[in-house]
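Please look at the sequence and the structure shown here, and then follow the report below, which takes up a sheet first and some backbone details afterwards.

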Amino acid sequence: MKKESHFNLLNSQNKRRRRKLIVRFILSGLIFLSAVTLVIWIVFYSPIFKFNEIVIKNIENEKIKEDISDFFKTKLSTGPLLIRLLGFNNFLAWPKSIDAADLKSLPTIADLKITREYNENALIIEVSERQPFAIWCLNKILPSRCFWFDETGEIFKESLTATGNLVQVVSDYSQDNLTFQSKVLPDELNANLISILKVLESIPLDVQTITLEDIALEEIKVQIRRGPIIYFSLARQADNFKAALKSLVNNPDFKKYQYIDLRSENRIYYQ
């Protein structure tokens, strides 16, 4: 009898322990589900992460504003499932930054900075537009096509053909396949081109034409109105010739020169 009574007592204790474990498990599960439900509600449905307006700063062009808005609508609607579930007006769906590859569909934009203003329920997009540096005209094709390019040499929008001294125009008779996001010249020549244009801009020259006749020659020909032709090499920076060229330009006989040749390293030839 004692053994049977002891067995029943142990059995009863085990049952109570199992019931407690089951109750604890159920309570833990309910607490976990409640926490998950609360997090889902906060993230997806509460107003905490919702914004009511998008403010695009540093730009006045309404067409570009529309392009930026359409760009993000497409990006978010085609992104991962979680981003699509969060929705367009959820702060958490928006990226922290935009890389260069993403900006290919917005060629006039150099950078986009996204700021979340939780207190104002607003998303701020600060825009940095590409700044026009000069015009590049493809004259090998007919009709010719002209593009604006920035100080990195990257093409970002089309341009009408321009003449005069208000803006520098490079006439390209060698290439025929440039388009948006491409550089006007290969990387090994591009930086040197920019240095040539900056030197020309810094010296009071009445430039008539700037010409690339054959990219294989790696040279730029600059015709001065009622003055000489200046030859620059695309194989090296033009800054080293700036002081010497300025001195020649200030020479009273400058307009009598036929040419000034800056294509040799550390040497200037003129006649």
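## A three-stranded sheet

I56 has I125, in β3, as its bridge partner. Strands, like helices, are DSSP runs numbered from the N terminus (E over at least two residues for a strand, H or I over at least four for a helix). β1 and β3 pair in the parallel sense over 5 bridges, where pairing requires that DSSP finds at least two bridges between two strands.

In this predicted model, local features need pLDDT of at least 70 and side-chain atom pairs count only at pLDDT 80 or more, while totals for chains, interfaces and linings use all residues. Residues are numbered from 1 along each chain as its sequence is written, and side-chain values use heavy atoms, with hydrogens and water left out.

The open sheet consists of 3 strands in the order β1-β3-β2, with mixed pairing. Because β1 (53-57) and β2 stand at the edges, each with a single partner strand, one side of each is left without a neighbour in the sheet.

## Backbone details in the loops

Most residues other than glycine have a negative phi, and most peptide bonds are trans. N121, however, has a positive phi near 55°, and N121 lies in the loop between β2 (109-117) and β3 (122-129). R226, which is not a glycine, also has a positive phi, of about 55°, and R226 is placed in the loop between β9 (219-224) and β10 (229-233).

The peptide bond from L142 to P143 is cis, with omega near -5°, and P143 belongs to the loop between β4 (134-138) and β5 (145-149).
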